[in-house]
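Me: Hey, can you walk me through this one? I've got the viewer open and don't know where to start.

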Amino acid sequence: MASFNNARPKNLQKLLQLSNHYRQPALRLQQTSAKTLSSCCKQFNSYDSNLTQSAADADFSSCGYTRCRKLCGCSRCVSPIETSAFHVGPYSSPFPVGFTSSIRSFSSSGSREEPRESMEYDVVIVGAGPAGLAAAIRLRQLCEEKNVDLSVCVVEKGAEVGAHILSGNVFETRALDELIPNWKEQSTPITVPVTEDKFWFLTEKRALPLPSPFKNHGNYIISLSQLVRWLGSKAEELGVEIYPGFSASELLYEADESRVSGIATNDMGIGKDGSKKEIFQRGMELKGRLTLLGEGCRGSLSEKVIKKFQLREQSGSQHQTYALGIKEVWDVDPSKHRPGLTVHTVGWPLDTRTYGGSFLYHMDNHQVAMGLVVALDYKNPYLSPYEEYQRFKQHPSIRPFIEGGNVIQYGARTLNEGGIQSIPKTAFPGGALIGCTAGFINVPKIKGSHTAMKSGMLAAEAAFDALSKETSQQPSMEQYWSSLKTSWVWKELHQVRNIRPGFDHGLLAGMAIAGLEHYITRGRLPWTLKHGKPDHECTEE
Ligand SMILES: Cc1cc2nc3c(=O)[nH]c(=O)nc-3n(C[C@H](O)[C@H](O)[C@H](O)COP(=O)(O)OP(=O)(O)OC[C@H]3O[C@@H](n4cnc5c(N)ncnc54)[C@H](O)[C@@H]3O)c2cc1C
């Protein structure tokens, strides 16, 4: 993934400093002029893609390259500081992402006195997920259509775009159809249409088929990380600057704190005791006339903004509720592989008081993405979603799919399940919340990529209008909040709003309410069920 190719000349020097600061080795090779930067970027890019397509980090492919952890001084050797940051595991990053987060708590207090370098943009986007990249693309599309030049940058804490994306994904193309209408004519990583859509109620020994409420025909089974990589390349073609490997750790405010004015990356090189080490480097400020937060579920900056500007109070929404999704990708016996098959289950191994279910998607290349989603309001303090998932794989109807295969990737991630009842106001002074950080997952469908993208696009349209107006007033994102509420995203979430809270009364009551809402009333019930207690209050002693 190219990273610095679109950098504007005034920012080049600062970028070099920033790359040094993050100890990205290839960028330290040559640091003289814009010309050498571009050749340096090429080296960095090939180096980076080799690294991040290692068996550990690859999204379903392996080029055989890994970083050397022996500290022997070879060209792919990890410096000691990076080694300490290594997360060993499939979603680990070869760059010091773990390192940056591990010192986050010291970052601002330890070093306030030193000034930070800063770069200015019209729009700063945090997070290169479906929401952030759709916003970036839409903004630059509008710039091209209307002949206006707005500078747009995206910071992504993953070592490369897509490195932190986790989802065996059944993708609904509605937002993509609007964003890039001719995507089918391009070489997109969207190639496996859903052919079979099964829904089973599991008991310990049996799988009882039910009518599938998912309506997945017309959707595609994809790797979401491959899709965001493709979106990243589209954004860069349009002139968006994407900086992977940089975590936004702090919000910047105007002097009177009334308005967000950008983000800062965190300070580096601070000891466990808070003291500055020799290698200490101050973080970098990315100032934006508008800042879009697309951090995904429970983003750290987003939570701060929600609190500071009382965005839940402003929308009258409830608390957010969450689930944990565990996912594996299996390389299976080709004779067992049925590309396009999706299977969803409810019931065993979860008890009737615990909301959740499994998914199993046959992708291409003999690969199967499967996992278990467990709502975090479970009562039993001894329940372990991981152990439940291990049991699930032993079920007589599931085991045959994967027997003899190998796990090539695994991970876990939270999803928000609050739906429309839990969406805070998405516009705040100086910016907006886009995608899952606000919470647009359609829970009964377990789909949020299309809604995340659409929210990013709507935010981009509002940002473009606000920034291209000749006015003395500060640009505002209020238009995004109103357009969201009249969009298909809102309508879709409104229609399914009662399904998740229905399961607060147990599996059978939940299924009855879901059946009623899905097949008969279609979201037209005159009431909206509320969520119960926040998840952490639900666990019993
Ligand atoms: C197990 C599981 C299965 C799912 N299945 C489906 C499915 O089948 N279909 C579907 O449509 N959806 C599915 N989803 C939901 C889907 O993955 C999300 O709705 C979608 O990814 C949300 O997009 P987003 O851009 O809002 O956030 P994300 O995809 O989470 O992207 C956020 C990005 O921001 C980066 N980031 C976060 N904080 C910072 C920071 N401070 N600084 C810099 N970068 C930052 C992250 O590294 C990440 O790359 C599933 C989710 C899970 C967990």
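Me: Let's start with the sheet of 7 strands. What's the strand order in it?
Reply: This is a predicted model, by the way. The order runs β6-β5-β15-β16-β17-β14-β18, in an open sheet with mixed pairing.

Me: Which strands are at the edges?
Reply: Those are β6 and β18. Each has a single partner strand, so one side of each has no neighbour in the sheet. Going from one strand to the next, the twist averages 20°.

Me: What does "pairing" come down to, in general?
Reply: Strands in a sheet pair through backbone hydrogen bonds, and they can do that in a parallel or an antiparallel way.

Me: OK, so how does β5 pair with β15, parallel or antiparallel?
Reply: Parallel, over 7 bridges. β5 covers residues 196-202 and β15 covers residues 341-347. For a pair to click on, try Trp 200, whose bridge partner in β15 is Thr 345.

Me: And what about β5 with β6?
Reply: That pairing is antiparallel, with 4 bridges, and β6 is residues 207-210. The two strands make a hairpin, with 4 residues between them. Leu 202 has Ala 207 as its bridge partner in β6. Trp 200 shows up here too, with Pro 209 as its bridge partner in β6.

Me: How do β15 and β16 pair?
Reply: In the antiparallel sense, over 4 bridges, with β16 spanning residues 356-362. Look for Thr 342, which sits opposite Tyr 361 in β16.

Me: Switching topic: what's the strand order in the sheet of 3 strands?
Reply: The order there is β3-β7-β4, in an open sheet with antiparallel pairing. β3 and β4 (192-193) are the edge strands, each pairing on one side only. β3 pairs with β7 (residues 220-223) over 4 bridges, and Phe 171 stands opposite Tyr 220 in β7.

Me: Which helix packs on that sheet?
Reply: Helix α7, residues 224-237, which touches β3 and β7. The direction of α7 makes about 75° with that of β7.

Me: Now the ligand. Which residues come nearest to it?
Reply: There are 35 residues around the ligand, and the nearest are Glu 156, Val 170, Arg 413, Cys 436 and Ser 449.

Me: Which backbone atoms should I look at there?
Reply: Try three spots, each involving an oxygen atom of the ligand. A backbone N or O atom of Ala 131 lies 2.9 Å from one, and a backbone N or O atom of Val 170 lies 2.8 Å from one. At Cys 436, a polar backbone atom is 2.7 Å from a ligand oxygen.

Me: How much of the ligand's area does the protein bury?
Reply: It buries 96% of the 1,000 Å² that the ligand exposes when taken alone.

Me: Which elements give two or more residues to the shell around the ligand?
Reply: They are α5 (130-146), β2 (152-156), β3 (168-171), β18 (406-416) and α12 (449-468). β3 gives the most, with 3 residues. You've met β3 already as an edge strand of the sheet with β7 and β4, and β18 as an edge strand of the sheet of 7.

Me: How do the shell residues divide up?
Reply: Into 17 nonpolar, 13 polar and 5 charged.

Me: Last bit: a couple of lysines caught my eye. Where is Lys 445?
Reply: In the loop between β20 (431-433) and α12. Leaving out neighbours within four places in sequence, Lys 445 is in contact with Glu 172, Phe 214, His 450 and Glu 492. With Glu 172 there's a side-chain polar contact of 2.7 Å. Lys 445 also sits 8.7 Å from Lys 215, C-alpha to C-alpha, though they're 230 residues apart in sequence.

Me: And where is Lys 379?
Reply: In the loop between β17 (367-375) and α10 (385-393). Not counting residues up to four places away in sequence, Lys 379 touches Arg 353, Cys 538, Thr 539 and Glu 540. The C-alpha atoms of Lys 379 and His 536 are 9.5 Å apart, with 157 residues separating the two along the chain.

Notes: Residues numbered from 1 in each chain as written. Predicted model: local features only at pLDDT ≥ 70, side-chain atom pairs only at ≥ 80, totals over all residues. Heavy atoms only, no water. Near = heavy atom within 4 Å. Polar contact = N/O pair within 3.5 Å; in protein donor to acceptor, adjacent residues only side chain to side chain. Areas by Shrake-Rupley, 256 points an atom, 1.4 Å probe, with all protein chains shown as cover. Nonpolar A, V, L, I, M, F, W, Y, C, P; charged D, E, K, R; others polar. Contact = heavy atoms within 4.5 Å. Pairing = 2+ DSSP bridges. Axes fitted to C-alpha atoms, helices over the stretch in contact; angles between N-to-C directions.
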